[in-house]
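Hi,

Here is the structure I promised to pass on. Have a look at it first, and then read on for what turned up.

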Amino acid sequence: MKNIQLAQLDKYGGNPNYEHIEGNIYKDLEENHYVFALSYELEDEEDSQYPLEDILDEFYLHVSDFIDEDSYYESRNVTLELGGKLDNVRQAISAIIGKRVYNQEFDDEEGVTRVRLVIE
């Protein structure tokens, strides 16, 4: 995934269920977790699941809302909302915004092919 940017969602503005914390981070008062929206472009060899799934695992986040869910599986441009604990949200934003994120295969010391998340 590339061109990873923060996104501002209309649902945050004036909604009593969201408390603005800082920057693009909001607290979802109904679900009692922190959220932020991001948009990104899938690269040719990527699908909608990876490397997103590895980002979620790396930063202990979850997808809290699919924005324009109808086009999620058809479009190369994705916007979604991620949620989790405040520290994890801050770490993810710091680590991935403006970066390229992808999965890379490698052989471990036993010759087993594995996949790692690369953020550059």
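Arg-114 forms a salt bridge with Asp-108, and their closest N and O atoms are 2.8 Å apart. A salt bridge here is a side-chain nitrogen of Lys or Arg within 4 Å of a carboxyl oxygen of Asp or Glu. Asp-108 counts as buried at 12% relative accessibility, while Arg-114, at 42%, counts as partly exposed. (Buried means under 20% relative accessible area, exposed means over 50%, and partly exposed is in between, with a 1.4 Å probe and protein chains only.)

Before you go further: this is a predicted model, so local features need pLDDT of at least 70 and side-chain atom pairs count only at pLDDT 80 or more, while totals for chains, interfaces and linings use all residues. Residues are numbered from 1 along each chain as its sequence is written, and side-chain values use heavy atoms, with hydrogens and water left out.

Now the overall layout. The chain has 3 helices and 8 strands; these are DSSP runs, numbered from the N terminus, with helices (H or I) of at least four residues and strands (E) of at least two. Reading from the N terminus, the order is β-β-β-β-α-β-α-β-α-β-β. Taken along the principal axes, the C-alpha atoms fill a box of roughly 55 × 30 × 20 Å. Of the 120 residues, 38% count as buried. If you take contacts (heavy atoms within 4.5 Å) between residues at least 6 apart in sequence, 58% of them join residues at least 24 apart.

Back to charges. Side chains of opposite charge can pair when their charged atoms come close. The structure holds 8 salt bridges. One of them joins Glu-81 and Lys-11, with the closest N and O atoms 3.3 Å apart. That pair links distant parts of the chain: Glu-81 is in strand S6 (residues 77-84) and Lys-11 is in the loop between S1 and S2, 70 residues apart. Glu-81 is buried, with a relative accessible area of 1%, whereas Lys-11 is partly exposed at 26%. Another salt bridge runs between Glu-43 and Arg-100, where the closest N and O atoms are 2.7 Å apart. Glu-43 lies in the loop between S4 and H1 and Arg-100 in the loop between helix H3 (86-96) and strand S7 (101-107), so this pair ties together parts that are 57 residues apart in sequence. Glu-43 counts as buried at 11% relative accessibility, and Arg-100 is partly exposed with a relative accessible area of 28%.

Arg-100 has another partner to look at: it lies over the face of Tyr-102, at 4.2 Å from the ring centre. In the same vein, the charged end of Arg-116 sits over the ring of Phe-106, 4.1 Å from its centre. (The rule is that NZ of Lys or CZ of Arg is within 6 Å of the ring centre and within 35 degrees of the ring normal.)

So what does Glu-46 have nearby, if not a salt bridge? Its nearest side chain of opposite charge is Arg-76, 5.6 Å away, and Glu-46 is buried. (Lys and Arg count as positive, Asp and Glu as negative; His and the chain ends are not counted.) Glu-46 lies in the loop between strand S4 (33-41) and helix H1 (52-59). A polar atom of the Glu-46 side chain lies 2.9 Å from the backbone nitrogen of Glu-43. Not counting residues up to four places away in sequence, Glu-46 touches several residues, including Met-1, Pro-51 and Tyr-102.

Last, the rings. The structure holds 2 aromatic pairs. Rings of Phe, Tyr and Trp (its six-membered ring) pair if their centres lie within 6.5 Å; planes under 30 degrees apart count as stacked, over 60 as edge-to-face and the rest as tilted. Tyr-12 and Tyr-18 are edge-to-face, at 5.1 Å centre to centre and 70 degrees between the planes. Tyr-12 and Tyr-26 are stacked, at 4.2 Å and 20 degrees. In that stacked pair, Tyr-12 is in the loop between strand S1 (2-7) and strand S2 (18-22), and Tyr-26 is in strand S3 (residues 25-28), 14 residues apart. Tyr-12 is buried with a relative accessible area of 4%, and Tyr-26 is buried at 9%. Together, Tyr-12, Tyr-18 and Tyr-26 form one aromatic cluster.

Enjoy looking around!

Key:
A polar contact is a pair of N or O atoms within 3.5 Å; within protein, one must be able to donate a hydrogen and the other to accept it, and residues adjacent in sequence count only if both atoms are side-chain atoms.
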